Amino acid sequence: MNIAILGFGTVGTGVYKIINQANRQTQNLHVKHILIRKNKKPDLPEMTDDIDAILNDKDVDVVVEVLGGIEPAHQYIIAALKHKKHVITANKAVIAQYMAEFTKVSKENGVKFYFESSVGGGIPWIQGLERALRIDDVNKIQGIFNGTSNFILDQMHRTGEPFNDVLMQAQQLGYAEADPSADIDGIDVANKLCISVDIAYDLFIKPDGELPIFGIRNITEDDMAHFDQLGMTVKLMGISHQVGNAFDYVVEPTLYYGDALEAHTTDNYNLISLHGKTIGVLKFMGQGAGQLPTANAVIQDILDIFQNKEHLKREFKSTFKYRSDLTKNNYIVRTEIDCSQLFKRFEPVVRGDYLVVHNVPVGEMHRLMKRVLQKDETAFMASLPEKREGAAK
Ligand SMILES: NC(=O)C1=CN([C@@H]2O[C@H](COP(=O)(O)OP(=O)(O)OC[C@H]3O[C@@H](n4cnc5c(N)ncnc54)[C@H](OP(=O)(O)O)[C@@H]3O)[C@@H](O)[C@H]2O)C=CC1
Ligand SMILES: N[C@@H](CC=O)C(=O)O
């Protein structure tokens with residue numbers, strides 16, 4: 001099976017390395033072309049800067065898109081599908097925007113479009129979700145979907161190092177996006193949550209407009225110490241529920257008690273859960289970012305194509321509507337401004353430097369926090385877990 005890799009950065013290099021180890025079932029895979037940027041000097045014989053040469057090469061069976069970003073990734077994926085090449089991508093940003101188009105064009109051309117590595121890096125999450133959907137409706141998804149932000153929060157918690165130092169380490173380790181603001185501002189989680197929701201509810205939604213997103217850019221060492229005193233650990237979560245004809249989704253920092261599995265998800269690991277009627281809660285854990293785990297998931301997709309393994313068919317026929325008040329949470333807020341008035345409907349209680357508000361519809365909380373951020377751009381918030389007997393809240 002002949003493969004063309006578009007983009008030779010962290011993931012592209014990983015795919016090349018694993019294929020060239022030719023171990024077990026990868027022995028029949030062969031990298032024929034690697035697309036590099038124009039003006040870049042090729043340092044491997046497979047390298048070319050000519051996308052048309054790749055598209056027009058009849059011997060290329062699979063195109064692996066790991067350029068990142070929206071264009072030209074979108075354009076190249078569509079062109080490859082139209083040239084009857086199977087496409088595999090790790091690029092969640094482009095999938096979240098164009099999942100419906102990619103699905104349609106791949107069907108029309110009788111080729112596969114697979115993207116296991118785009119959500120959860122090396123974790124077989126898409127495959128697990130698709131398997132669950134063979135039997136159950138999945139009506140809740142919740143996950144630590146971003147390796148970089150998890151690495152940052154975990155390192156800050158364990159070592160007390162400042163945010164920017166830890167972010168730099170995540171970049172050096174190959175976990176972060178080319179623009180790491182996608183990791184720390186929750187955009188990457190939003191992309192992955194939307195892809196998961198697209199599959200779970202058979203509903204195509206884009207990560208813009210109504211999806212409430214609050215990232216971890218503003219978290220401080222003092223916040224971490226405070227949460228620690230409360231016996232809690234903070235994680236950046238993507239969460240969606242579906243009830244009747246409605247669904248909701250949110251990306252926000254969330255506190256967990258020390259005995260929750262989420263609290264024990266360290267380093268670049270992700271932990272993604274689904275809920276189905278007969279399976280109950282199913283959790284998937286593994287390295288959510290990094291060269292080899294991500295490349296491993298890319299190659300699993302290539303092997304699925306090689307072995308003619310079908311994935312779930314998507315039709316996007318559901319008519320569920322987004323409801324911003326489907327879930328209500330308690331939240332802890334840190335801001336220098338007095339916002340008791342703003343939150344007066346939600347039983348605000350001042351706890352030292354923090355304000356705790358109760359039973360706030362998620363969409364409303366994010367609208368109110370936007371107003372807080374206009375006056376105090378350093379403000380931070382996190383949702384609180386269900387109260388337990390005798391636990392601090
Ligand atoms: N790193 C990870 O852990 C994971 C990454 N992903 C996704 O995989 C994709 C790739 O990520 P990653 O490998 O980390 O990113 P990198 O930035 O390391 O690699 C991308 C490579 O593609 C090159 N490139 C970009 N645009 C073009 C173009 N138009 N023509 C030719 N080459 C181009 C870049 O060149 P240059 O350096 O010159 O810009 C770079 O070498 C992204 O979509 C990312 O979100 C998914 C899961 C995990
Ligand atoms: N930047 C992403 C890479 C994998 O998707 C992350 O940190 O999770």
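In the predicted model, helix 3 passes helix 4 in a crossing that is right-handed. The residues that make this contact are Ala73, His74, Ile77, Ile78, Leu81 and Lys82 on helix 3, together with Val94, Tyr98, Phe102, Val105 and Ser106 on helix 4. Sorted by class, the contact of helix 3 with helix 4 comprises eight nonpolar, two polar and one charged residues. Helix 3 spans residues 73-82 and helix 4 spans residues 92-108; the two pack at an angle of about 15°, and their axes are 10 Å apart. Helix 3 is therefore roughly parallel to helix 4, since angles under 35 degrees count as such.

A second helix pair is formed by helix 6 (residues 147-159) and helix 7 (residues 163-172), which pack at an angle of about 135° with their axes 9 Å apart. This angle makes helix 6 oblique to helix 7. The crossing of helix 6 past helix 7 is right-handed. On the side of helix 6, the contact involves Thr148, Phe151, Ile152, Gln155 and Met156, and these meet Phe163, Val166, Leu167, Gln169 and Ala170 of helix 7. The contact of helix 6 with helix 7 has seven nonpolar and three polar residues, and no charged residues.

The model also contains an open sheet of six strands, arranged in the order 3-2-1-4-5-6 with parallel pairing. Strand 3 (47-48) and strand 6 (113-114) are the edge strands, each of which pairs on one side only. Within the sheet, strand 4 (residues 62-65) and strand 5 (residues 86-89) run parallel and are joined by four bridges. In this pair, Val63 stands opposite Val87 of strand 5. Helix 1 (residues 10-21) lies across strand 1 (2-6), strand 2 (30-35) and strand 4, and runs at about 160° to strand 2.

Ligand 2 is surrounded by residues from several parts of the sequence. Gly121 is one of them, as are Asn146, Gly147 and Thr148. Tyr175, Ala176 and Glu177 also belong to the shell, along with Asp183 and Asp188. Gly288 and Ala289 complete the list of residues around ligand 2. By class, this shell holds three nonpolar, five polar and three charged residues. Thr148 thus appears in two settings: it is among the residues around ligand 2, and in helix 6 it takes part in the contact with helix 7.

Technical notes: Residues numbered from 1 in each chain as written. Chains lettered and ligands numbered in written order. Predicted model: local features only at pLDDT ≥ 70, side-chain atom pairs only at ≥ 80, totals over all residues. Axes fitted to C-alpha atoms, helices over the stretch in contact; angles between N-to-C directions. Parallel < 35°, antiparallel > 145°, perpendicular 65-115°, else oblique. Left-handed = near helix turned anticlockwise from the far one by under 90°. Contact = placed C-beta atoms within 7 Å. Nonpolar A, V, L, I, M, F, W, Y, C, P; charged D, E, K, R; others polar. Near = placed C-beta within 6 Å. Pairing = 2+ DSSP bridges.
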